[in-house]
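Colleague: Please show me the model. I have some questions about the fold.

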Amino acid sequence: MQTKKFLLSEQEIPRAWYNVIADMAVKPRPMINPATHEPIKAEDLYPLFSKAASDQEVNYTDSFIEIPESVRDLYRIWRPTPLVRALALERALDTPAHIYFKNESVSPVGSHKLNSAIAQAYFCKQEGVTNITTETGAGQWGAALSMAAKHFGLELAVYMVRVSYDQKPYRRSIMQTYGAEVISSPSMSTKAGRKIITDRPNYSGSLGTAISEAVELAMSTPNCKYVLGSVLNHVALHQTVIGLEAEKQMEMAGEMPDTVIACFGGGSNFSGLAFPFLRHNLKDGANIRFIAAEPSSCPKLTRGEFQYDFGDEAGYTPLIPMYTLGHTFTPANIHAGGLRYHGGGAIVSQLKHDNLIDAVDIPQLETFKAATLFARTEGIIPAPESSHAIAATIREALKAKVEGKQEVILFNLSGHGLIDMTAYDRYFANDLTNYDVTADEIAAATAQLEKIL
Ligand SMILES: *Cc1c(COP(=O)(O)O)cnc(C)c1O
């Protein structure tokens, strides 16, 4: 039997996160104030986020930022995560490519999201915050933050996108089990929610709307901070434990990846796996390829516009420089709820703009076909989000076969799909479709953007 699994000891959990911005020749543009277009400083973010997260958000100089010991301590519940060579999948594809995956699905909540949830909850606690609020799409971020909030004794209110609240009741149960309050978004509890319910009574919700509601609650509640699970620089930073571990594990396997792949919602799991490897391109002249796999129904990196845009539907956030479909874009109700976000983070968007990373978009049915093959070969049922990375990996592996190329592919298994079985049921019942966005739809949503760049 060939070795399949590469494991690190607890001592090898990273001691510092990797801040790729410090090594980028062209830095991401700063977030700006929507009214004045002045760059946002850390102090401007203090009312909304913890100070530590705000400072990390605008840190353009330190390549490595120390992980607090209490955070590392909690990481030890499930980290380091395994790196696995997907030999059975390779065999099924009859490909000369070597396929590895980093298994972030082994966290207690089943996804990578806990890597940042723990850090952010810890910072809030340190700074004397008592209440935190957030949004969640498919529920993974909400589940992760619920666990972290409980550990640090914080009260948490989660705005959950309505379509997921209805489709994924067990994620709601998980959050409630950890003691969080879960509210279906849009809700009547905020101005932003009431407005959208009035304008569009049957609206199934979006991450953009849920963010508006959570931000509004944080701004109007004393001693309450808002915590975000993707998109922002500090979230990408926390997720780099994934890639830092994977680097050591690829070394154990005696290989370096030629291609690194992750699915893409707002960019946190992609950044987490990719940035430590990208460092080799930026610093040592390596030539690793990076592919962000996004849904065809929400193709911001492949078909969006590089422009300043709001992070939320109502326009409460600073303007973020990113590839965006426009903050009013409403993605179809695909089952990969975590990928239904209109924009990509500032760092990833800049990297894409400078051709330092690639992106592909993948139709829903192809992702479920890939997921099913992965489950039947590697034994793990992937999250519908992660299935985009698997589908992109399969495309690469089959291309390597045609070209007879010995390619080494590494992808991130960002989460498992055991709470997404409704989606699989519908796939097996031939009840799922692809949703292709027309050029007109994208043009209509991006036409509303203020042209700053
Ligand atoms: C949230 C989520 C994603 C998408 O978010 P990113 O910030 O782009 O990583 C992908 N996979 C899983 C399992 C998720 O929970």
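Modeller: Here are the basics, then your questions. This is a predicted model: local features need pLDDT of at least 70, side-chain atom pairs count only at pLDDT 80 or more, and totals for chains, interfaces and linings use all residues. Residues are numbered from 1 along each chain as its sequence is written, and side-chain values use heavy atoms, with hydrogens and water left out.

Colleague: Why does a radius of gyration of 20 Å agree with a compact globule?

Modeller: The radius is taken over C-alpha atoms, and the globule rule is 2.2 Å times the number of residues to the power 0.38. The chain has 453 residues and a radius of 20 Å, which agrees because a compact globule would be near 22 Å.

Colleague: What share of the residues is buried?

Modeller: Buried means under 20% relative accessible area, with a 1.4 Å probe and protein chains only. Of the 453 residues, the buried share is 63%.

Colleague: Which strands are the edges of the open sheet?

Modeller: Strands (E, at least two residues) are DSSP runs, numbered from the N terminus. Two strands pair if DSSP finds at least two bridges between them. Seven strands form the sheet, with mixed pairing, in the order β1-β4-β5-β15-β10-β11-β14. Pairing on one side only marks the edges: β1 (5-6) and β14 (358-362).

Colleague: Which residue in β4 stands opposite phenylalanine 6?

Modeller: β1 pairs with β4 (residues 83-85) in the antiparallel sense, over two bridges. Across from phenylalanine 6 stands leucine 83.

How values were computed. Buried means under 20% relative accessible area, exposed over 50%, partly exposed in between (1.4 Å probe, protein chains only). Helices (H or I, at least four residues) and strands (E, at least two) are DSSP runs, numbered from the N terminus.
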